[in-house]
Amino acid sequence: MGIAKAAGESGCVLLEKDRLFNVLLAHELFHAVEEQHADEIYTRTEKVELWRKPFSNRSSIACLSEMAAMAFAGELLGLDCSPYMLDVLLVYAYDKEAAWGLYEEIGELIC
Ligand SMILES: [Zn+2]
């Protein structure tokens, strides 16, 4: 199933061609700005300690960047629905089972 078919079947405005393009463009715009400010932006400077001493390793949190990029897209475009829905909807277009699994996993986290 292609994105256009998924858009038609779901009725989700996020999957409309122009809107989807703008959301993804805004998302990538955030990453471009993030890259220019990598040494000062929270999504890059926040670290978690993966192991305790003496083998300490501080790692960045990759999902922060993706969450911020989608939040930025939502604010920039004034979306009235969450662009995080695309995480499930875009997967649904090529793997329904994986999309449902992701949907259920998200549901468990927010309930
Ligand atoms: Zn991204």
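Strand 1, which spans residues 47-51, is hardly covered in this predicted model: among its 5 residues, the count of buried ones is 0. Its pairing is with strand 2 (residues 57-60), in the antiparallel sense and over 4 bridges. One of the bridge partners can be named for orientation: E49 is matched with R58 in strand 2. The two strands form a hairpin, with 5 residues lying between strand 1 and strand 2.

The picture changes on turning to the helices. Helix 2 (17-36) has 20 residues and reaches 29 Å from its first C-alpha to its last, close to the 28 Å expected at 1.5 Å a residue. Buried residues in helix 2 are L20, V23, H27 and F30. These residues sit on the same side of helix 2, because the arc they cover around the axis is only 85°. The other side of helix 2 carries the exposed residues K17, D18, F21, E28, A32, V33, E35 and Q36.

Helix 4 tells a similarly readable story. Running over residues 62-77, helix 4 has 16 residues and a reach of 23 Å between its first and last C-alpha, close to the 22 Å expected at 1.5 Å a residue. Its buried residues are A69, M70 and A73. They cover an arc of only 90° around the axis, and so lie on the same side of helix 4. Helix 2 is included in what covers these buried residues. Just after helix 4, G78 adopts a positive phi of about 60°.

How do these buried residues come together, and which of them make up the largest nonpolar core? This core has 8 residues in all, namely L15, L20, V23, F30, A69, M70, A73 and L86. Helix 2 and helix 4 are the elements that give two or more residues to the core. A73 offers a handy close-up of the packing: leaving aside residues up to four places away in sequence, A73 touches V23, A26, H27, F30 and P83. Of these contacts, V23, H27 and F30 are among the buried residues of helix 2.

A word on confidence rounds off the description. The protein chain has a mean pLDDT of 87, with 90% of its residues reaching 70 or more. Confidence is highest in helix 2, at a mean of 95, and lowest in helix 1 (residues 3-10), at 67. Where pLDDT is low, predicted coordinates should not be read in detail.

How values were computed. Residues are numbered from 1 along each chain as its sequence is written. This is a predicted model: local features need pLDDT of at least 70, side-chain atom pairs count only at pLDDT 80 or more; totals for chains, interfaces and linings use all residues. The expected span of a helix is 1.5 Å times one less than its number of residues. A residue is buried if 20 or more other C-beta atoms lie within 10 Å of its own, exposed if 12 or fewer, and partly exposed in between; C-beta atoms are placed from the backbone. The arc is that of the directions from the helix axis to the C-beta atoms. Two residues are in contact if their C-beta atoms, placed from the backbone, lie within 7 Å. A nonpolar core is a set of buried Ala, Val, Leu, Ile, Met, Phe, Trp, Tyr and Cys residues joined through C-beta atoms within 7 Å. pLDDT is the predictor's confidence in each residue, from 0 to 100. Two strands pair if DSSP finds at least two bridges between them.
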